[in-house]
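Let's take a walk through this model together, from its strands to its helices and the charged pairs between them. Have the structure open and follow along.

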Amino acid sequence: MSIIGTHNSALVALSILIAVAASYTALDLAGRMTRTRSAGLVWLGAAAVVLGGGIWSMHFIAMLALNVGMEVSYGAELTLASLLLAVFATALALFGASRPGIGIEGILLSGIFMGLGIVGMHYTGMAAMRMPGSMSYDMIHVGAAIVLAISASTLAIWLAFRNHSALQRAVAALALGFGIAGMHYVAMMGVTFTSHGDAHDAAADAARAAMTGGIDNAALVAVVTAATFIIFTALLLAAAYDRRVALLADSEASAWRESEERYRKLYRHTPLPLHSLGPDGCIAQVSDRWLTLLGYSREEVIGRPLTDFMTEESAQRRNREHWPRLLQTGELREAEYKLIAKDGHILDCVLSAVAERDSAGNLTNTLCGLVDVTERRATEDALRQAQKLEAVGQLTGGIAHDFNNLLAVVLGNLELAAKRAPDDARLRTLLGNAMQAAQRGAALTQRMLAFARRQDLKPEAVDVPELVLGMAEMMRRSIGPAVRIETRFPLGLPLARVDANQLELALLNLAVNARDAMPDGGVITIAAREETVGDGDDMAEPGRLKPGRYFCLSITDTGSGMDGETLARAAEPFFTTKGVGKGTGLGLAMVHGLAAQSDGRLALQSTPGKGTTATIYLPVADIVPAAPAVAVEDESGVPDGEDGAQRVLVVDDDPLVLSATGAMLEDLGCVVTEALSAREALELLESGQIFDVVLTDQAMQGMTGVQMVAVIEERWPGLPVILGTGYAELPADAKAGLPRLGKPFSREALKRAIVAATRKVPSNVVPLSRRG
């Protein structure tokens, strides 16, 4: 007999409530999984238990709501199997859908698997029923139930891994709960119950079911309802606790993010060039000052190795030496590197770094700071170069002084020999050649002294454009017809304070150098301008020009130019690129010395293939009235004194120079007394010998010429003294206006000096010594 069952409305409502509650709780737990990856599997398992167990509870509550007119109980084994099947299918589907990168196909497959598991749970629970009758199923309703189960499961999985608000979760839970409940009641609509046997048989069957461990309805309702709400309550409490923990974690994370953002802003806007490296040595953070220093944007450096911005040599040293040292010791101090800016220029930088590690000792990041020392290195290099040139200048000056003494002997003796030589053309030619060679040697020593800034200069106010115009013909003959000379002198230029003769020689040297740089011809441009150097200008730094007005004379060629290395050494003495026998290497050195000794400066600028510009900075002259020239008699000898020939005391610690000078004075008709030291000369004066003039060398051992002059000035005032020296600069204690005779000197120069000195004294009588 077929039976049409009826449903208890209260239990139906309870089953739907359980389905909705299970759906809401499961969605909440799934949301916990997406926000708490460290405990994701725990929340996934909890969601599977809640959703699977909730569906199972909904099913049996709904079954208890059905009244089929027969005593019904349930087999414990199949009832438990149906629960496990629901939980297992739900857990496996959620786990499959939680994998990273899962697409719509994966969600759909997981939904199908979960839906089929739910349907399996439903019909396993139906099979657990014990009653005096049988059941039959309508396959159309079975198919509809399967579609509803798969649809509800797919929706549940899709919603489980999305972030949604509480309202959205509630709406989704209602839809999902009614979907699951709808699946059950659609399936139940296709079930037909058939009773067979009489009441006695029914009672017997119920008794057998109870004896075989079946679960009666009242007990099942109590167990299912209590277990369901206990699970829901516990899990909701756990979810609430987790939500509180998550809120605290979110609050801490937000505070950490704010702190990190403040740190990032502070790091980026610090006035220091800082950067931090990750464990792989790539740049993780960088300050704005670092980017400004090298000229890159932040996007161009983040994530790149620091060695990408170093020269090859610096990168190798960093990888082989400094990085292993940093990893070993945890810090790196003042490592020197050459960094390449975006525009290609090289920066000298000093880097210091500190490595940070976690509790396990693993490197987390490296904090680094840069110091740009490019200007300091350039200053140090310039200072070293200046010191080197100063040392070479002192050596050169000493050599030139000694060489001057030798040339003085050679020239003096050659002049005397030429005067006394017989009328032999061949002999006179030989003597003339020797004198020319000695004079060339004297010119060479003058260049050496010019570089050493020890030549004897006679600075005066010079009209430079007029000087250049006056030597134009000589320059044209010197450089040849292939080179054209142009001048650019604006009106109103001031006068320059310089030795005119030495400036002519410097211009000629620069013009010849320019010609040699243009073997195929070209243009030499001589220009001038006035420039004012202030206290804040670069050229006013120590070792550069002093503040003031300067006359700038520039010589520019269109030749081959010089590279950086050649340009740096161009003014060094004896450095030349012209080949052996084609240059002394003293031309630019002489110009450099002339400019420096004139309180100016030589500046060189050159570009390979575009030519060179040499600029001489000379102080602007303060024009003063010129002193009237004193006429010097053109006499064959020195005029006699009042008591006969001029009596000259000659003092020099070099016997050869002393002998040669004495011979030249005797040839001039002087009475000569020689002394090999200042002490010996003073003893001669102390003895009462009378002299009209004293001629002394400056650089002597024991007592210098200047020191001896001071003694003579104090004890024998009015006795004229001539200082013979090849140096331009004298000690600070030298008497102002002291007559000087530059070495090597000729017979005529010696005569003029004696005449000028003895003209100043009215008598040739040496006054008595001033003694206490």
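**Strands, helices and charged pairs**

Ser554 stands opposite Thr615 in strand S19. Keep in mind as you look that this is a predicted model. The strand that pairs with S19 at this spot is S17 (residues 548-557), and seven bridges join the two in an antiparallel arrangement.

S19 has another partner too: strand S18 (residues 601-607) pairs with S19 over seven bridges, again in the antiparallel sense. Here you can find Thr607 opposite Gly611 of S19. S18 and S19 make a hairpin with three residues between them, and in the turn Gly609 has a positive phi of about 85°.

How much of S19 itself is covered? Strand S19 (residues 611-619) has nine of its nine residues buried. Gly611, Thr613, Thr615, Tyr617 and Pro619 point one way, while Thr612, Ala614, Ile616 and Leu618 point the other way, and all are buried.

Now turn to another part of the chain, where five strands form an open antiparallel sheet in the order S9-S8-S12-S11-S10. Strand S9 (283-286) and strand S10 (331-340) each have a single partner strand, so one side of each is left without a neighbour in the sheet. From one strand to the next, the twist averages 30°. Within this sheet, strand S8 (residues 274-277) and strand S12 (residues 363-372) pair antiparallel over four bridges. Look for Leu277, whose bridge partner in S12 is Thr366.

Next come the helices. Helix H22 (residues 747-759) has 13 residues, which at 1.5 Å a residue should span 18 Å; its end C-alpha atoms are 18 Å apart, so the two agree. Among the buried residues of H22 are Ala749, Leu750, Ala753, Ile754 and Val755, along with the charged Arg747 and Lys751.

What does Arg747 pair with? Arg747 forms a salt bridge with Asp667, and their closest N and O atoms are 2.6 Å apart. The pair links distant parts of the chain, since Arg747 sits in helix H22 and Asp667 in helix H19 (residues 655-667), 80 residues apart. Arg747 counts as buried because its relative accessibility is 13%, and Asp667 is buried for the matching reason, at 13% relative accessibility.

A second pair also joins two helices: the side chains of Arg715 and Glu686 meet in a salt bridge at 1.7 Å, N to O. Arg715 belongs to helix H21 (residues 705-715) and Glu686 to helix H20 (residues 678-686), 29 residues apart. Arg715 has a relative accessible area of 24%, so Arg715 is partly exposed; Glu686, at 26%, is partly exposed as well. Going back to H22, salt bridges that share partners join Asp667, Arg747, Glu748 and Lys751 into one network.

For a pair of sequence neighbours, look at Asp516 and Arg515, which form a salt bridge with their closest N and O atoms 3.0 Å apart. Asp516 is partly exposed, at 36% relative accessibility, and Arg515 is partly exposed at 25%. The count of salt bridges comes to 16.

Finish on the surface. Leu108, Leu109, Ile112 and Leu116 form a nonpolar patch there, with about 360 Å² of accessible area together. Ile112 lies in helix H4 (residues 104-127) and counts as partly exposed because its relative accessibility is 31%. An α-helix has 3.6 residues a turn, so residues three or four places apart point the same way.

Note on methods:
Residues numbered from 1 in each chain as written. Predicted model: local features only at pLDDT ≥ 70, side-chain atom pairs only at ≥ 80, totals over all residues. Heavy atoms only, no water. Patch = residues over 30% accessible without salt bridge, like charges linked within 9 Å, V, L, I, M, F, W, Y side chains within 5 Å. Areas by Shrake-Rupley, 256 points an atom, 1.4 Å probe, with all protein chains shown as cover. Salt bridge = Lys/Arg side-chain N within 4 Å of Asp/Glu carboxyl O. Buried < 20%, exposed > 50% of the residue type's maximum accessible area, 1.4 Å probe, protein only. Expected span 1.5 Å × (residues − 1). Pairing = 2+ DSSP bridges. Axes fitted to C-alpha atoms, helices over the stretch in contact; angles between N-to-C directions.
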